[in-house]
Amino acid sequence: MACLRPPHAIPRCRHLLSSKGSSRLLHLHPKNLQKLPTDLPPSITLVELPLPRVHGLPDSAESTAELPTNKVPYLKKAYDMLEPAVDEFLQRSGVDWIIHDFASHWLPQCFFSFLGPPSVLIDGPSRRPEDFTVIPEWIDYPSKVRFRLHEIVTHQDCMDTGASDFQRFEESIRGSKSVAVRSCSEFEADPLRLLQKLYGKPVVPVGLLPPRHKCGRGDERWVELKRWLDDKKEKSVFYVGLGTEVNISREMMPELAAGIEKSGLPFVWVVGQRPGPEIIPPGFESRVSGRGYLWMGWAPQAEILAHAAVGGFVTHCGWSSAIEALGRGRPLILFSGANSDQGLMARLLEERGVGFEVLRDELNGSFSSDSVAETIRRVMVEPEGEEVRAKAWTMRDIFGNFELQNEYLEKLPPQIMLA
């Protein structure tokens, strides 16, 4: 059973294995084991498999978030070298079913509607980058979702020549009895229908799996930020959170900062580990003092998005972040990175009427501070953004509806559970 994110997404590298009434979460990155909740049920056992070392891969790196794009192929090679350890684990663990993603193409010996059927994926490496910038012929419903040229060219840098991402998807789909998708028919009815037609096997939406909001635990930094937000008007602040894997060049970082500044609106900007505080333009913090709040490192995104003062979200278009934001009815300023599915997600979300995308150059992905500022204002305050704001607010009934989304898990077909 291949377990995927929505029909326009690329999942992360991990597996969930269930065995006769108990569960084993096989997480392949020991570092990430330390970040899991401490209140997991006793039916879940965590199994650590150390990542093999590969020449060219930094010793401490165990996830794509820790690597520049051109180093990602080494991580995929190391991941493939886990096959013997996973095989040994499976032989002695007695698991009944396996949920996995595209990276472990060797496990069964799914992207979804845009990438097409498995037969097309085989030819993926031989296709020109330009071939991905048009609407595929197999898309049988109205859509403008496509890649930009710069997104494909950039993604090629992180593919392993020994086993391309296309090959990984193709082998994962062919070797699986069914495909599970983190989506729901209320939001993606046509892509889900098409996937089943393309794959020729059950395609099962498991719901959006929205995270439940937990109140802050008194973290001093969050308490300070909350106090700052409490003084702002309702829906007046936009939140900037670009995830852990968006790599903004030193040349473009000043444009992003200038666009945020030019918007003239109050904001919270979470500057992650990748950009680094050293490349925030000199004088920026003093110029936006009082209007802007900079947060360095990991931030409590769920709490920020839930605050009444937040009225929009500058997002890298990761699916989990979109789910969190739309669950709170926040309209989106779509600032997609060039990683994996983010460009497709930006076009999908704009097509669904819940955000506007920041205009970029088709060939090199560059953008101007004016395009950033204009898009922020369109979403937040301009009259032309009224429909987007209204549509995003109605999305709470889907993305924030825990009862609806849990029904997908509760009603998984028996044949899937026994696959």
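## Helix α12 and the residue after it

Gly329, placed just after α12, adopts a positive phi of about 75 degrees. This description concerns a predicted model.

Helix α12 itself spans residues 319–327. Its buried residues are Trp319, Ser321, Ala322, Ile323, Ala325 and Leu326. As background to such a pattern, an α-helix has 3.6 residues a turn, so residues three or four places apart point the same way.

## Gln301 in helix α11

Gln301 belongs to helix α11, which covers residues 301–306. Gln301 counts as buried because its relative accessible area is 15%, and buried means under 20%.

Which residues does Gln301 contact, once its neighbours within four places in sequence are left aside? They are Tyr239, Phe313, Ser321 and Glu324. One of these partners, Ser321, is also among the buried residues of helix α12.

## Salt bridges: the pair Lys197 and Asp140

Across the whole structure, a search finds twelve salt bridges. One of the pairs is formed by Lys197 and Asp140, whose closest N and O atoms are 3.8 Å apart. Lys197 lies in helix α7 (residues 185–199), whereas Asp140 lies in the loop between α4 (118–122) and α5 (149–156), so the pair ties together parts that are 57 residues apart in sequence.

The two partners fall into separate classes of accessibility. Lys197 is classed as exposed because its relative accessibility is 61%, and exposed means over 50%. Asp140, with a relative accessible area of 38%, is partly exposed.

## Salt bridges: Arg377, Arg378 and their partners

Side chains of opposite charge can pair when their charged atoms come close. Arg377 and Glu382 are joined by a salt bridge through their side chains, at 3.3 Å from N to O. Are these residues buried, partly exposed or exposed? Arg377 is partly exposed, at a relative accessible area of 30%, and Glu382 is likewise partly exposed, at 26% relative accessibility.

A further salt bridge links Glu384 to Arg378, with 3.1 Å between the closest N and O atoms. Glu384 has a relative accessible area of 48% and is therefore partly exposed; Arg378 is also partly exposed, with a value of 25%.

## A shared network

Some salt bridges have partners in common: Asp140, Asp190, Arg193 and Lys197 are joined in this way into one network. The network includes both members of the pair described earlier, Lys197 and Asp140.

Definitions and conventions:
Residues are numbered from 1 along each chain as its sequence is written. This is a predicted model: local features need pLDDT of at least 70, side-chain atom pairs count only at pLDDT 80 or more; totals for chains, interfaces and linings use all residues. Side-chain values use heavy atoms; hydrogens and water are left out. Helices (H or I, at least four residues) and strands (E, at least two) are DSSP runs, numbered from the N terminus. Buried means under 20% relative accessible area, exposed over 50%, partly exposed in between (1.4 Å probe, protein chains only). Contact means heavy atoms within 4.5 Å. A salt bridge is a side-chain nitrogen of Lys or Arg within 4 Å of a carboxyl oxygen of Asp or Glu.
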